Amino acid sequence: MRPLRTFTIQPSLPPELQGLLEIAYNLRWSWTGEAQDLFRRLDIKGWEEHYHNPIAMLGRIDQQRLREVAADEGFLAHLHRVHEDLKDYLTRPGWWQKTYQTGRQPLVAYFCAEFGISECLPIYSGGLGVLAGDHLKSASEIDVPLIGVGLLYQQGYFRQRLNADGWQLELFPRNDFANLPVQLVRGDDNAPVTINVEMPDRLTKAQIWKVQVGRITLYLMDTNVPENNPEDRHITAQLYGGDQEMRIRQEIILGIGGVRLLRAMGIVPKAYHMNEGHSAFLGLERIRLLMAEQGVSFDEAREVVAASSIFTTHTPVPAGNDAFEPWLIDKYFSRYWPQLGLSREQFLSLGRQEPGNRDEPMSLTVLAMRLSTFRNGVSKLHSEVSRKLWAGTWPGVPVDEIPISGITNGIHVRTWISHDQAQLYDRYMGPDWQEKPVSTNVWQGVYEIPDTELWRTHERRRERLVAFARRRLGLQLARRGASTAELAAAQEALDPEALTIGFARRFATYKRANLILSDLERLEKLLSQADRPVQILFAGKAHPRDNPGKDLIRQIIHTARKDAFRHSIVFLEDYDMNMARYFVQGVDVWLNTPLRPMEASGTSGMKAAANGALNISILDGWWDEGYEGQVGWAIGSGETYDDLEYQNAVESQALYDLLEKEVVPLFYERGSDHLPRGWIARMKATIATLAPVFNTNRMVRQYAEMFYEPASRRWDLLTGQDLARAKELAHWKAQVRDRFGSIRIESVSDDMDSNGTGARVGKDIQVQAVVDVAQLDPRDVQVELYYGPLNEDGQLNEGRAIPMEQVSQDGSKVHYSVNMPCARSGMTGYTVRILPRHELLTDPRELAMIRWA
């Protein structure tokens, strides 16, 4: 039945408690222990019942309780302290303002399809969203003038339930926006601010919500408004739900709608950061607006947009990148590309590695790369994988020179460490670990923590994890109609003093959650030693359409039901940020077993490490650069195999060997004081070595220094004087593109004899080249010597380029020379290449024009 009128009932707080709402609506409380303690103090039962959602709790709390605390001097002092701390934080300048002094007007727009800020705002599915949430938190901490843009999902990602057979089922409860820490954006007339986005034969409207994350504002779009038809109201219903057509609608709203949102809010960022390819359409909308408002061509507008755009890829396999078939692009963009002055094929080619291949779908990753200048993978290894994966976008460029750099992911430390661990850090490291989390000197203070205190703190957290696991296990068994005996047994599952291994993440097959189950007989012996017990906790969701991933969960459930494992293997359903904190804070060992190199980065192991847990992992993602002997264990040495079955066998046996011979003995090696001194030494080394490196304050600062600040300067340069420099660069590129095919390398020679003898370490070789530049000016090209050691096939795979100097010119023929250093012995080779050159080019390789001798 439709209501006559709808309205929102706000929490009613006494005047003395009004500060609670300001604290509740700023999600800084999610990483501020004293603010969380304030809400617990107000209503500890309500805090848990409402899943750490202060807005819902304040709306349902008994008014008598509010009157009581309004007269409680101790509570009011606590409230005043937290409120004043928040106000001081919001006005205090951070690293960016001290370094660049640009003011707080948003400079960077950060787009992502999901944001994991707190479990009470369930608009995230996993690692990408949690990383985006941590990105915003650290941007707030170091005061980067950034604005977030995303979607507000009515149902978010699914809630996981397991049936009696252990098969995953998906539930989609609706989010009640009125009881979430989000606020509808209204205009001067008090009406909701909305934007319109074109869909086939109709306009789709989206309203705008605001989330405050410390100093950072996150804007979220929601299409569930009465003016839309039912189909469009469902665009923002589910995260990653629906078919390809639903996905393209969501990404049109995110990319094109997101740009229009910023304009509706009067925000004009200089740089745009696309966190994964879902928002890639924003580049097209920015170009369209520049063309319409500045009267420039597509190529001229593209120069401005690409120069001020950043793209981060997170996916190391082609299948994980969104790509749309031409018919779908036709349906949604046939009225759009004429506004860009492009033909259909020109438009589609923007998203194709091979522009002339009419069978290739339009990839949003390729589109984002073509419309950005700054690109990166999310670990050193992943950036190498990405350069190989997307090499076809830059034909002729050596793989190691493909313009994709690497910025390794991190975590927001204060979000993920336990309250008692934070107090321990405060006591022995002072406030600097919070204010300067990238300082290695600060984290050396962990060695000052007495072994007894660190271990007792960790044991309490393991006890909390076991208690939490028993509660959750009991609840999930009760939902499935378990017997009284089964429910009683659940309360005896796990041992709060046993070595506890955690495996919790998305259940995709390449993550190999079942690798540790490869040899059940050996595993049983490992887990069942009375004097050295070991237990494993699993959690994680498979994508609703990933049946192989669901089967991994079912396999674990069936194994856990065997008598030998009933008390030592537990799978907890419905993994989320709240459960993740219990896991990373309470386990002793964090297990990660992906197929190398398919883990782009991974951040769960970083969270565990910041809490003192030790990682056992394949050398993939972040662990490939984080591992060293005293901070955990590596499974293998970074090998890759062609035979998956053989690889699983080798690596599972290596895992068992590590556990049996090193991990378990070290954990149970106790002295007369019952402390595992060797284990504690590794805990301290892990925290001191990894915490200052693998955190998002370091990561966001890298983005700021490498990308945000340079992109903002490029925006200023190219948009000045009515886009004069952008027009100049576009014109020059068109001219060079027309003439580059005519240039030729006529000859290359050196001062060695014909057999290549005479080269000696420490003695330079002089190399000369004659180049016919045809119709180009020599100033338009850069001639380079490319040299290095040869591989087993006689190829130059990882060479080094040095510029050759022009020594003379005869008409269009230009003579170049350079001295090639001989720094080491061995088979070596060289060649000569030509690249375009212009003072406004960020990287000459971005044009994918290269001529080799």
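R725 is partly exposed, because its relative accessibility is 21% and the partly exposed class begins where buried, under 20%, ends. This residue comes from a predicted model, and it opens a tour of the salt bridges, helix contacts, cores and backbone features found there.

## Salt bridges

R725 has a charged partner. Its side chain meets that of E839 in a salt bridge, 2.8 Å from N to O. The two residues are 114 apart in the chain. R725 belongs to helix α30 (residues 696-739), while E839 sits in the loop between β27 (828-836) and β28 (851-852). E839 counts as exposed, at 65% relative accessibility.

Why can such pairs form? Side chains of opposite charge can pair when their charged atoms come close.

Helix α30 takes part in another link. E846 forms a salt bridge with K733, and their closest N and O atoms are 3.4 Å apart. E846 lies in the loop between β27 and β28 and K733 in helix α30, so this bridge ties together parts 113 residues apart in sequence. Is K733 buried or exposed? K733 is buried, with a relative accessible area of 8%. E846 is partly exposed, at 21%.

Elsewhere, E231 and R202 join their side chains in a salt bridge of 3.8 Å, N to O. E231 is in helix α9 (residues 230-233) and R202 in strand β7 (residues 202-213). They are 29 residues apart, and the pair links distant parts of the chain. E231 is partly exposed at 39% relative accessibility. R202 is also partly exposed, at 23%.

The table sets the three pairs side by side.

| Salt bridge | N to O distance | Separation in sequence |
|---|---|---|
| R725 and E839 | 2.8 Å | 114 residues |
| E846 and K733 | 3.4 Å | 113 residues |
| E231 and R202 | 3.8 Å | 29 residues |

How many salt bridges does the structure hold? There are 63. Some share partners. Through such sharing, R159, R161, R479, R480, K541, E573 and D574 become one network.

## Two crossing helices

Now to helix packing. The axes of helix α21 (residues 451-479) and helix α29 (residues 677-690) come within 10 Å. They cross at roughly 85°. That angle falls between 65 and 115 degrees, so α21 and α29 count as roughly perpendicular to each other.

Which residues of α21 and α29 make the contact? From α21 come D451, L454, W455 and H458. From α29 come R677, W679, I680, M683 and K684. By type, the residues of this contact divide into five nonpolar, one polar and three charged.

## Nonpolar cores

The largest nonpolar core has 146 residues. Within it, L17, F281, F333, F347 and Y708 touch the most other members. Helix α30 gives the most to this core, with 11 residues.

F281 shows what such contacts look like. Leaving aside neighbours within four places in sequence, F281 is in contact with I248, E251, I252, G255, I256, F324, F333, L364 and L367. F333 is one of the partners of F281, and F333 is also listed among the core members that touch the most others.

Another core lies apart from the largest one. This second core has 100 residues, including I411, F503, A513 and W622.

## Backbone features

The backbone has some features to look for. R596 and P597 are joined by a cis peptide bond, with omega about 5°. P597 is placed in the loop between β18 (589-592) and α26 (604-610).

D143 is not a glycine, yet its phi is positive, about 70°. D143 lies in the loop between α8 (127-141) and β2 (146-151). It is buried, with a relative accessible area of 3%.

D722 also has a positive phi, about 55°, although it is not a glycine. Where is D722 found? D722 is in helix α30. D722 is exposed, with a relative accessible area of 57%.

## A meeting of two stretches

Last comes V761, in the loop between β21 (744-750) and β22 (765-772). V761 counts as exposed, at 54% relative accessibility. V761 and A823 are 62 residues apart in sequence, but their C-alpha atoms are 5.5 Å apart in space. Not counting residues up to four places away in sequence, V761 touches C822, A823, R824 and S825.

How values were computed:
Residues are numbered from 1 along each chain as its sequence is written. This is a predicted model: local features need pLDDT of at least 70, side-chain atom pairs count only at pLDDT 80 or more; totals for chains, interfaces and linings use all residues. Side-chain values use heavy atoms; hydrogens and water are left out. A salt bridge is a side-chain nitrogen of Lys or Arg within 4 Å of a carboxyl oxygen of Asp or Glu. Helices (H or I, at least four residues) and strands (E, at least two) are DSSP runs, numbered from the N terminus. Buried means under 20% relative accessible area, exposed over 50%, partly exposed in between (1.4 Å probe, protein chains only). Axes are lines fitted to C-alpha atoms, for helices over the stretch in contact, and angles run from 0 to 180 degrees between N-to-C directions. Angles under 35 degrees count as roughly parallel, over 145 as roughly antiparallel, 65 to 115 as roughly perpendicular and the rest as oblique. Contact means heavy atoms within 4.5 Å. Ala, Val, Leu, Ile, Met, Phe, Trp, Tyr, Cys and Pro count as nonpolar, Asp, Glu, Lys and Arg as charged, and the others, Gly among them, as polar. A nonpolar core is a set of buried Ala, Val, Leu, Ile, Met, Phe, Trp, Tyr and Cys residues joined through side-chain atoms within 4.5 Å.
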